Every structure is written in C-alpha cells, then in structure tokens.
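User: Please take a close look at one part of this model, the open sheet, and describe how its strands are ordered and what packs on them. I would also like a word on a helix elsewhere in the chain.

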Amino acid sequence: MCQLLGMNCNVPTDICFSFTGFQARGGTTDVHRDGWGIAFFEGKGARVFLDPQPSCDSPVAELVRRYPIRSLNAIAHIRKATQGPTGLENTHPFMRELWGRYWIFAHNGNLLDYAPELGGSFVPVGQTDSELAFCHLLQTLRKRFPQGMPEKTVLNAALDEFAARTRPFGMFNFLLSNGDCLFAHRSTELFYLIRQAPFPVAHLKDEDVTVDFNEVTTPDDRVALIATQPLTDNEQWVEFPIDRVLMF
C-alpha cells in the first residue's frame with residue numbers, strides 16, 4: 001500500500017526534514033516504488049510536484065528535499081500501485097477546484113467494486129480508485145453545499161459522513177486540504193505529531209539525520225505532522241482514532 005505525509009502549520013514552514021525520511025520509503029527503506037508527489041499551498045495557489053519514478057531515485061524529489069518551500073499546508077504521497085498502472089496521471093496527490101479554491105487529495109488504500117455515479121463536474125483523468133473517490137467526494141460536497149463552502153466544523157462532519165459511506169468498499173486512509181486547514185482520515189493506520197515549544201532534537205527513522213528545532217523555530221511556532229507511520233524514532237507520535245476525520 002501507499003504512504004501519506006501531511007503538514008499543517010501556524011506559520012509558513014518547510015518540510016525538508018520530514019520529507020528526507022519520507023523520500024527514503026519510496027524504494028530504499030520500503031517498497032513504495034510506483035511514483036510519488038507533493039503539493040504545497042502558497043496563499044490560494046498550489047505548487048504540485050509529481051513523478052512516476054521511485055522517490056529514492058527521483059531528481060525532482062532531491063529538488064524538493066533540498067529546496068525549502070515554506071507552506072502552511074502540504075500533502076505528500078508515495079505509491080505502491082493497486083489499481084491503475086504506474087504513470088503520471090495516476091500519481092498522487094490529485095488537485096481540483098471547488099468553490100474557487102484548489103483542493104489537494106491523497107489516498108492510501110484499495111477500494112473494491114467502487115463505482116459511484118459521477119455527474120460530469122468532476123471526472124478522473126487516470127484509472128485509480130483514489131482519484132475516483134476524490135471526484136465523488138467533491139461532487140458530493142458541491143451538491144450538499146450549493147451556496148459555497150460551509151463553516152469548517154460543518155465541512156468536517158460532512159467528510160466524516162462521506163468516509164463512513166466509502167469505508168465498506170475497502171481501506172480509505174486519506175489527506176485533504178484547501179490551504180486553510182488539513183483533514184485526515186484513518187481507516188487502518190495513521191499517526192500524528194504536534195511540534196511546539198519546547199522543541200525537540202528529532203532523529204529520523206529512515207535516515208541518520210538529526211535536527212534541533214530550537215535552532216530553526218520561534219517559541220510561537222506550531223507544526224502538526226501526519227504520517228502513515230512515524231517518521232522519527234525519538235518523538236511521541238499519536239495514533240489516530242479509527243474511522244474518524246480529524247481537522248488540523
């Protein structure tokens with residue numbers, strides 16, 4: 001299966017340290033060799049990097065790893081294909097427009113016999129169950145809230161309901177963001193970590209890399225990280241509640 005990485009911050013922050021460990025899981029320390037991608041929100045815009053190559057061998061991944069793009073919300077994905085061949089059109093995360101905002105979505109799982117009826121406003125480009133679910137999700141939200149985006153807690157409840165209707169088809173771990181906040185759902189495995197003062201000296205599980213965040217942050221900084229599996233081996237990661245959508 002695939003792996004997910006998300007970041008939500010109160011001030012623009014780069015994801016270079018976490019991405020260093022995450023990149024290694026795309027073919028070096030794990031088996032996710034069927035492509036990777038990452039999206040950064042910058043205001044209302046989104047900067048998206050996709051590559052069907054394994055992240056461990058990708059020059060684009062090396063660029064992201066070394067280039068400190070600062071964002072309030074970021075979503076990354078490394079793929080182990082279950083539905084749809086390896087290719088750029090099947091590489092997460094996916095991006096669509098709804099209510100005048102870009103939405104970014106990445107999925108870890110496998111939805112079987114999943115064939116929702118789409119009305120044409122959102123149509124998959126590739127062949128994955130993941131992009132199909134994203135299109136169905138946005139179509140459902142547009143029909144439910146035709147006047148525009150609802151208040152965030154109302155939106156969170158609607159996502160909870162959609163996830164509950166989708167779970168019977170299979171694993172449905174996902175990350176979703178419109179740049180204002182980040183939503184995360186666990187059906188099988190997902191962890192989160194809140195970094196805030198006093199900051200730790202963190203060490204990656206997949207690379208021998210350590211960062212003292214006291215040297216690169218201010219006391220007011222707060223960063224939430226979401227990952228399929230913990231990225232560091234000396235911090236206290238928290239398991240998500242099962243079958244719940246959490247909002248960061």
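Analyst: What follows treats the sheet, then the helices that lie on it, and then one further helix.

The model is predicted, and its open sheet has 7 strands in the order S3-S2-S4-S1-S12-S9-S13, paired in antiparallel fashion. Strand S3 (45-51) and strand S13 (238-239) form the edges, and because each has a single partner strand, one side of each is left without a neighbour in the sheet. Within the sheet, strand S1 (residues 3-13) and strand S12 (residues 222-227) run antiparallel and are joined by 5 bridges; Leu5, for instance, has Ala227 of S12 as its bridge partner.

Helix H1 (residues 16-24) lies across S1, S12, strand S2 (36-42), strand S4 (71-78) and strand S9 (191-196), and its direction makes about 175 degrees with that of S1. Helix H2 (residues 59-66) also packs on the sheet, where it touches S2 and S3 and runs at about 35 degrees to S2.

As for the further helix, H4 (residues 152-166) comprises 15 residues and spans 21 Å from its first C-alpha to its last, close to the 21 Å expected at 1.5 Å a residue. Its buried residues are Leu155, Asn156, Ala158, Leu159, Phe162, Ala163 and Thr166, and since these fall within an arc of 160 degrees when seen down the axis of H4, they line one face of the helix. The partners against which the buried residues of H4 pack are strand S6 (101-111), helix H3 (129-144), strand S7 (170-177), strand S8 (182-186) and strand S14 (244-247).

Key: Residues are numbered from 1 along each chain as its sequence is written. This is a predicted model: local features need pLDDT of at least 70, side-chain atom pairs count only at pLDDT 80 or more; totals for chains, interfaces and linings use all residues. Side-chain values use heavy atoms; hydrogens and water are left out. Two strands pair if DSSP finds at least two bridges between them. Helices (H or I, at least four residues) and strands (E, at least two) are DSSP runs, numbered from the N terminus. Contact means heavy atoms within 4.5 Å. Axes are lines fitted to C-alpha atoms, for helices over the stretch in contact, and angles run from 0 to 180 degrees between N-to-C directions. The expected span of a helix is 1.5 Å times one less than its number of residues. Buried means under 20% relative accessible area, exposed over 50%, partly exposed in between (1.4 Å probe, protein chains only). The arc is that of the directions from the helix axis to the C-beta atoms.
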